[in-house]
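Reader: I would be grateful for a close look at a single part of this structure. May I set out the request once the structure is before us?

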Amino acid sequence: MEKNDEKNWELIAGKLHGELDPEEIARFENGLEDSQNKLLYSKAQKIHQGLSEVKQFKTSSIEGSWNKINAQIRSKTIQFYAQNFLKYAAILIVAFVGGYFVNQLVNDNNQPVQYAEMEVMYGQTGHLFLFDGTEVWLNSGSKFRYPNKFNRNERNVYLEGEAFFKVVHNEKLPFKVKTAHLEVEDLGTSFNVSAYPQESSQLVVLVEGKVQLNTPQGQKMGEMVPGQIAVKTDGSSSLKIQNTNPYFYTSWKDGKVIFDGERLEDISKKIERWYNVDITFEKEDLKNYRLSGTILRNKPIDQMIMAMEMLAPINFKYEVKTNARNQIIITGK
C-alpha cells in the first residue's frame, strides 16, 4: 500500500469488501510489510467485524447480519429506481423532444406555464436536463420545481435543498434559481446552491462564469466571481462573500465529499441525508470537532464509519431500528 492515507484507505476498504483487482491485491499485500499499514488494516478488520456481529434486528422475520442489512438497503434502492424509472425516463424523453421544439415553446406566450416537481429522497441523488439544455444535479433530500417551458420573459426554477447547475447562458433571458431567502441570477456560469430549509444558512459557490445574488424580491445584493462562496444567514439582510475552493462544495455530484476543517455537526447533517439515518452526539463538545478528509459516497455505510474513525478521535455506535430510521451515536475515544 502507498504512503498516501487516501490510497491506503481505498485499498483497505476494497480488500474488506472484495473489490480489488489482482494488481491492487499485490500492492495491498506489499504494503502490509509496513507496520503502520498492518496496524491500520487490523483496526479496520475489527470495525468491519464488529458491525457484522453486533447489529441485529429485533424481529425473527429479518436476518441480523450486517450483510443482510446492506442487502436490504440495496433492495430498497433498486425498488426506488424501479418505481421512479418512468418518471426519470419521462424527464429525459421530454427534454430530448423539447430540443426540437424549444423555439416554438419559448416564443409561445399564449399557453400557461405548468411546473413539474422532482423530489430526491434521502440516500439518493438526481440528474436531469431542462428544456433549454441546462444540466442540473440534485443532492439528497432536495426538491426542485421547474417549468414545462420557458417563455420570452424569464427562466425561473425553484430549489429547496442542494443542487449544482451548469447553465446554458442566454443574455436576453437570464436563468434564475429561487430559494426561500435568495435569488441566484445566472450571468453565464456553473454554480452550486445549498438551501435546505432546516439549516440556518444558504450557500452559493461559483465554479465558473459569473452570478448575481438578489433578494427574493429581485433586488441586487452582490455579484460573485469564480472561486468564491456567498453565505446568507437567516435573519440577516447582508451577504458574506469570500474566496474558497469550490470543489469542497461540489464534489458530492462526483460521488465523493471532501472536508477541509468542517465541524463534525455540519458533516453529520450531510451523512444523515446520504444514508437516511439519524445521528446524535454523546457529548455536545464533540459537535465542534473539525475534520479534514474524503468520504466516498457510493460505498456502504460501514466503510464510511471506518473512514471517519480513522480520520478523527471518535467512535460510531450503529443501532438498527425496525420502525424508524437507523441511528448512529457519535462518542469520543
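Is Glu 284 buried or exposed? Please begin there, and then give a connected account of helix H6 and its surroundings.

Author: The model is a predicted one. Glu 284 is exposed, because its relative accessible area is 58% and the cut-off for exposed is over 50%. The side chain of Glu 284 forms a salt bridge with that of Lys 287, at 3.2 Å from N to O. Lys 287, by contrast, has a relative accessibility of 18% and therefore counts as buried, since buried means under 20%. This pair belongs to a network in which salt bridges with shared partners join Arg 263, Glu 265, Asp 266, Glu 284 and Lys 287. Within that network, Arg 263 and Glu 265 meet through their side chains at 2.8 Å, N to O.

The network leads to helix H6, which covers residues 264-275. H6 consists of twelve residues, and the distance from its first C-alpha to its last is 16 Å, close to the 16 Å expected at 1.5 Å a residue. After H6 comes Asn 276, which has a positive phi, near 55°.

The buried residues of H6 are Leu 264, Ile 267, Ser 268, Lys 270, Ile 271, Arg 273, Trp 274 and Tyr 275. Their cover includes strand S12 (256-263), strand S13 (278-281) and strand S14 (290-296). Helix H7 (301-311), strand S15 (314-319) and strand S16 (327-332) are also included in that cover.

Arg 273 deserves separate attention. Side chains of opposite charge can pair when their charged atoms come close. The side chain of Arg 273 forms a salt bridge with that of Glu 199, at 3.0 Å from N to O. This pair links distant parts of the chain, for its members are 74 residues apart: Arg 273 lies in H6, and Glu 199 in the loop between strand S7 (183-195) and strand S8 (201-214). Both Arg 273 and Glu 199 are buried. In total, the structure holds 15 salt bridges.

The nonpolar cores complete the account. The largest has 28 residues, of which Leu 130, Leu 138, Phe 144, Phe 165 and Phe 191 touch the most other members. Among the strands that each supply at least two residues of this core are S7 and S8, the two strands on either side of the loop that holds Glu 199. Another core, of 27 residues, lies apart from the largest one and includes Ile 279, Leu 291, Ala 312 and Ile 314.

Notes. Residues are numbered from 1 along each chain as its sequence is written. This is a predicted model: local features need pLDDT of at least 70, side-chain atom pairs count only at pLDDT 80 or more; totals for chains, interfaces and linings use all residues. Side-chain values use heavy atoms; hydrogens and water are left out. A salt bridge is a side-chain nitrogen of Lys or Arg within 4 Å of a carboxyl oxygen of Asp or Glu. Helices (H or I, at least four residues) and strands (E, at least two) are DSSP runs, numbered from the N terminus. Buried means under 20% relative accessible area, exposed over 50%, partly exposed in between (1.4 Å probe, protein chains only). The expected span of a helix is 1.5 Å times one less than its number of residues. Contact means heavy atoms within 4.5 Å. A nonpolar core is a set of buried Ala, Val, Leu, Ile, Met, Phe, Trp, Tyr and Cys residues joined through side-chain atoms within 4.5 Å.
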